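Reader: I'd like to learn how to read a model like this one, feature by feature. Can you walk me through it?

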Amino acid sequence: MSEASVHTLTIAKIAFQEFSHGLSSGDWSLFLGRLSEDFTFWFPAGPFQGWNHGRERAGAFFALVSVMFPEGLTLTVQQVTSNATTVVFEVRSQGILSGQPYENQAAIAFDVKDDKIASYREYLGVVVQVGR
């Protein structure tokens with residue numbers, strides 16, 4: 001693994017810990033502070049579906065996630081794949097959504113640039129959802 005790849009992986013792992021903390025606690029301040037000025041994110045569903053731009057928009061998205069999951073989400077990393085600029089975390093998440101058990105399998109990608117998270121993408125595969 002190249003030195004650049006090791007550095008990218010290190011930065012992304014720290015960011016992922018902060019991301020996980022946000023999901024479990026609703027406190028996104030550490031993760032939001034790690035985002036680049038030109039941060040973008042892609043989400044597959046809901047009011048933030050598609051590409052979104054800026055830390056302010058990201059703050060609104062993560063605030064909504066915390067409202068939807070007031071008891072938080074717990075992530076379990078299944079696998080990590082990385083290269084010199086991107087790290088992908090394959091995860092399982094568990095929580096309560098609208099009073100019902102929620103379980104999801106997802107791939108979360110972070111692009112790292114200048115020691116910041118420049119981009120976030122999430123790909124969902126819902127295992128257990130509301131009304132099921």
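Author: What follows is a short tour of helix, hairpin, loops, charged pairs and rings. This is a predicted model, so local features need pLDDT of at least 70 and side-chain atom pairs count only at pLDDT 80 or more, while totals for chains, interfaces and linings use all residues. Residues are numbered from 1 along each chain as its sequence is written, and side-chain values use heavy atoms, with hydrogens and water left out.

Reader: Let's start with helices. How far apart are the end C-alpha atoms of α1, and what span should its 23 residues have?

Author: First the vocabulary: helices (H or I, at least four residues) and strands (E, at least two) are DSSP runs, numbered from the N terminus. The expected span of a helix is 1.5 Å times one less than its number of residues. For α1, residues 3-25, that should be 33 Å, and the end C-alpha atoms are 33 Å apart, which agrees. Right after α1 comes Gly-26, with a positive phi near 85 degrees.

Reader: And which residues of α1 are buried?

Author: The general idea is that an α-helix has 3.6 residues a turn, so residues three or four places apart point the same way. Buried means under 20% relative accessible area, exposed over 50% and partly exposed in between (1.4 Å probe, protein chains only). In α1 the buried ones include Ser-5, Leu-9, Ala-12, Ala-15, Phe-16, Phe-19 and Leu-23.

Reader: On to strands. In which sense do β1 and β2 pair?

Author: Two strands pair if DSSP finds at least two bridges between them. Here β1 (residues 35-43) and β2 (residues 50-53) have four bridges, and the sense is antiparallel. Thr-40 sits opposite His-53 of β2. Six residues lie between the strands of this hairpin, and Gly-46 there has a positive phi near 75 degrees.

Reader: Which residues other than glycine have a positive phi?

Author: Two to look at are Ser-98, with phi near 55 degrees, and Asp-115, at about 65 degrees. Ser-98 is in the loop between β4 (86-97) and β5 (100-113), and its 62% relative accessibility makes it exposed. Asp-115 is in the loop between β5 and β6 (116-128); with 40% relative accessibility, Asp-115 counts as partly exposed.

Reader: Now charges. How many salt bridges does a search of the whole structure find?

Author: Side chains of opposite charge can pair when their charged atoms come close. The cut-off for a salt bridge is a side-chain nitrogen of Lys or Arg within 4 Å of a carboxyl oxygen of Asp or Glu. The search finds five. One of them joins Asp-38 and Lys-113, with the closest N and O atoms 3.4 Å apart. Asp-38 is in β1 and Lys-113 in β5, so this pair ties together parts 75 residues apart in sequence. Asp-38 is partly exposed at 45% relative accessibility, and so is Lys-113 at 44%.

Reader: What about Glu-103 and Arg-92?

Author: Their closest N and O atoms are 2.0 Å apart. The pair links Glu-103 in β5 with Arg-92 in β4, 11 residues apart. Glu-103 is buried at 18%, whereas Arg-92 is partly exposed at 23%. There is also a salt bridge between Arg-121 and Asp-111, 2.8 Å from N to O. That one links β6, home of Arg-121, with β5, where Asp-111 lies, 10 residues apart. Are Arg-121 and Asp-111 buried or exposed? Both are buried.

Reader: Which residues is Phe-110 in contact with?

Author: Contact means heavy atoms within 4.5 Å. Phe-110 is in β5 and is buried, at 0% relative accessibility. Leaving aside neighbours within four places in sequence, its contacts include Ala-12, Phe-16, Phe-31, Phe-89, Ile-117 and Tyr-120.

Reader: Last one: how many aromatic pairs does a search of the whole structure find?

Author: Rings of Phe, Tyr and Trp (its six-membered ring) pair if their centres lie within 6.5 Å; planes under 30 degrees apart are stacked, over 60 edge-to-face and the rest tilted. The search finds 25. Among them is the tilted pair of Phe-41 and Tyr-120, 6.4 Å centre to centre with 45 degrees between the planes. It links Phe-41 in β1 and Tyr-120 in β6, 79 residues apart. Phe-41 and Tyr-120 are both buried. Phe-61 and Tyr-120 have ring centres 6.5 Å apart and planes at 50 degrees, so that pair is tilted. Phe-61 lies in α3 (residues 55-68) and Tyr-120 in β6, so parts 59 residues apart in sequence are tied together.
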